[in-house]
Amino acid sequence: MNNKTSGRILLNPAIVIAVLFILATLGYAQSPGPETKQQRDERMQWWREARFGMFIHWGLYAVPAGEWKGKKIGGIGEWIMESADIPVSEYEQFTKQFNPVKFDADQWVRIARNAGMKYIVITSKHHDGFCLWDSKVSDYDIMDASPFKRDILKELSVACKKHGIRLCFYHSIMDWHHPDAQAPFYPNYNDGSRTNPNFSRYIENYMKPQLEELITNYGPLGVLWFDGEWIKDWTEPQGKDLYNFLRVLQPDIIINNRVGKGRKGMQGLNKDDQEYAGDFGTPEQQIPSKGLPGVDWESCMTMNNTWGFKSYDHNWKSTEDLLRKLVDIASKGGNFLLNVGPTAKGLIPEPSVERLRLIGAWLKVNGESIYGTTASPLGKVPWGRCTAKPGKLYLHIFDWPADAKLKVPGVKDQTKKAYLLRQKTLELHVTREDKDMVVIDLPIGQDVKGLEATDTVVVLEINQRQLKS
Ligand code: H79
């Protein structure tokens, strides 16, 4: 064939359209396109302002609740299928006992809202493969396999809309139930050395159609929160492809970094050897030691030692500890995704509800010092933490100074005034000790109760014009 002929064939409109169509169906044309910094900032804005969300781990593992054949199984509750070496056919039996008649989506969402949480991330499907919605490509879901036959995610999406909470889904890439994924690896579903030759079939015929259902029928979603990406079958190019696929379906969706292979272990932030897919880092059960300017991240954490419900795990973190973790995270520019693990009946454990209620009461008074703030511009402060907004520093006092003088190092800006966030009308005296140290006289003799004593917030208003040095 000479050049002239081949040119004419390639430019033939029918052929061009056909080729484009084939590429589109193959997924090559599916990219959200480039995004400017401003577009990205707009997409991330609600999430950056939210600062506090509820993680919900709920699924079949709530039925055994940490026990198998009369034995208490160590480790996190939602891993019991793996930890207790339960064969797929036996684990499937839990579907018959998963009948959460006490489930009340509206009540769950109100618990989150009253805690001051702005979004909910619930396990649409965890590693065990069981789906909490009515999936058309699976029988292993709440509609087809359980006596409950109510679409849990649908009910939550209605309640979230009603209460102004963003609904987000956790979704496990790893799947211990699907024959084309990790099910054949029994009794070591998490075997990092094995691959399934049919894994691409699982991606195309199962995982992507399921995610499309979740985005289309339950959305718009706030976040898709992936996990289980460490398996050998999953690659960074697959992660990028999935990321693009989802951003085409919902351009403003936010996706965590576990969609690809970027994260550094449980520390959760990205390795820096290349560009990885995903919008934010995911430290798990830990808080970075210092602020990370310009990085979006979210620490997820349990209130006891498990994500999925375990009947005998009573090792609850104190409310004081949880509040200070929220503040510590905000002072470093991150979000806090705090977990609850409801029972198989559909109830959020009372110790969780109580802690959330108290944190919510504190946030009602002091929320201004958390929502929409950015990381501390000061260095380490000996008495607590600092969060910031334009023109304002929020000084979170964890340890009340014995002499009632709050020394604030690192303030180079002109100060305007200071007051307690809970008592804005009482102005506090501010003196400058030297060019980057101001001292605030704290009120004495106030009777402070509960979480107010755990973290008292002083607002220091500043002129963001640096003093001449
Ligand atoms: O859903 C909850 C847990 O079930 C799941 N993530 C939270 C949000 C999870 N937590 N811990 N694990 C899973 C354990 C997995 C640990 C490891 Fe690894 C996987 C160790 C080695 C492979 C993660 C990836 C840490 C290093 C690489």
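This section describes a three-stranded sheet and the salt bridges of a predicted model.

The sheet is open and contains 3 strands. Their order is E12-E16-E15, and the pairing is antiparallel. Strand E12 spans residues 405-409, and strand E15 spans residues 430-434. Both stand at the edges of the sheet. Each has a single partner strand, so one side of E12 and one side of E15 lack a neighbour in the sheet. Neighbouring strands are turned against each other by 25 degrees on average, direction ignored. Strand E16 covers residues 437-441. E12 and E16 pair in the antiparallel sense over 5 bridges. Within this pairing, Lys407 has Val439 of E16 as its bridge partner.

A salt bridge joins loops that adjoin these strands. Asp436 and Lys412 meet through their side chains, at 3.7 Å from N to O. Asp436 lies in the loop between E15 and E16. Lys412 lies in the loop between E12 and strand E13, which comprises residues 413-420. The pair therefore ties together parts that are 24 residues apart in sequence. Asp436 has a relative accessibility of 25% and counts as partly exposed. Lys412 is also partly exposed, with a relative accessible area of 39%.

Across the whole structure, the search finds 32 salt bridges. One of them links Lys162 with Asp106. The closest N and O atoms of this pair are 3.0 Å apart. Lys162 belongs to helix H8, residues 152-163, whereas Asp106 belongs to helix H7, residues 105-114. The contact therefore ties together parts that are 56 residues apart in sequence. The two partners fall into separate accessibility classes. Lys162 is exposed, at 59% relative accessibility. Asp106 is buried, because its relative accessible area of 17% is under the 20% limit.

Lys136 and Asp134 form a further salt bridge. Here the closest N and O atoms are 3.1 Å apart. Lys136 reaches 66% relative accessibility and counts as exposed. Asp134 has 22% and counts as partly exposed; this value lies above the 20% limit, so Asp134 is not classed as buried.

Salt bridges also link residues into a network. Its acidic members are Glu35, Asp41, Asp279 and Asp296. Its basic members are Lys37, Arg40, Arg43, Arg48 and Arg247.

Definitions and conventions:
Residues are numbered from 1 along each chain as its sequence is written. This is a predicted model: local features need pLDDT of at least 70, side-chain atom pairs count only at pLDDT 80 or more; totals for chains, interfaces and linings use all residues. Side-chain values use heavy atoms; hydrogens and water are left out. Two strands pair if DSSP finds at least two bridges between them. Helices (H or I, at least four residues) and strands (E, at least two) are DSSP runs, numbered from the N terminus. Axes are lines fitted to C-alpha atoms, for helices over the stretch in contact, and angles run from 0 to 180 degrees between N-to-C directions. A salt bridge is a side-chain nitrogen of Lys or Arg within 4 Å of a carboxyl oxygen of Asp or Glu. Buried means under 20% relative accessible area, exposed over 50%, partly exposed in between (1.4 Å probe, protein chains only).
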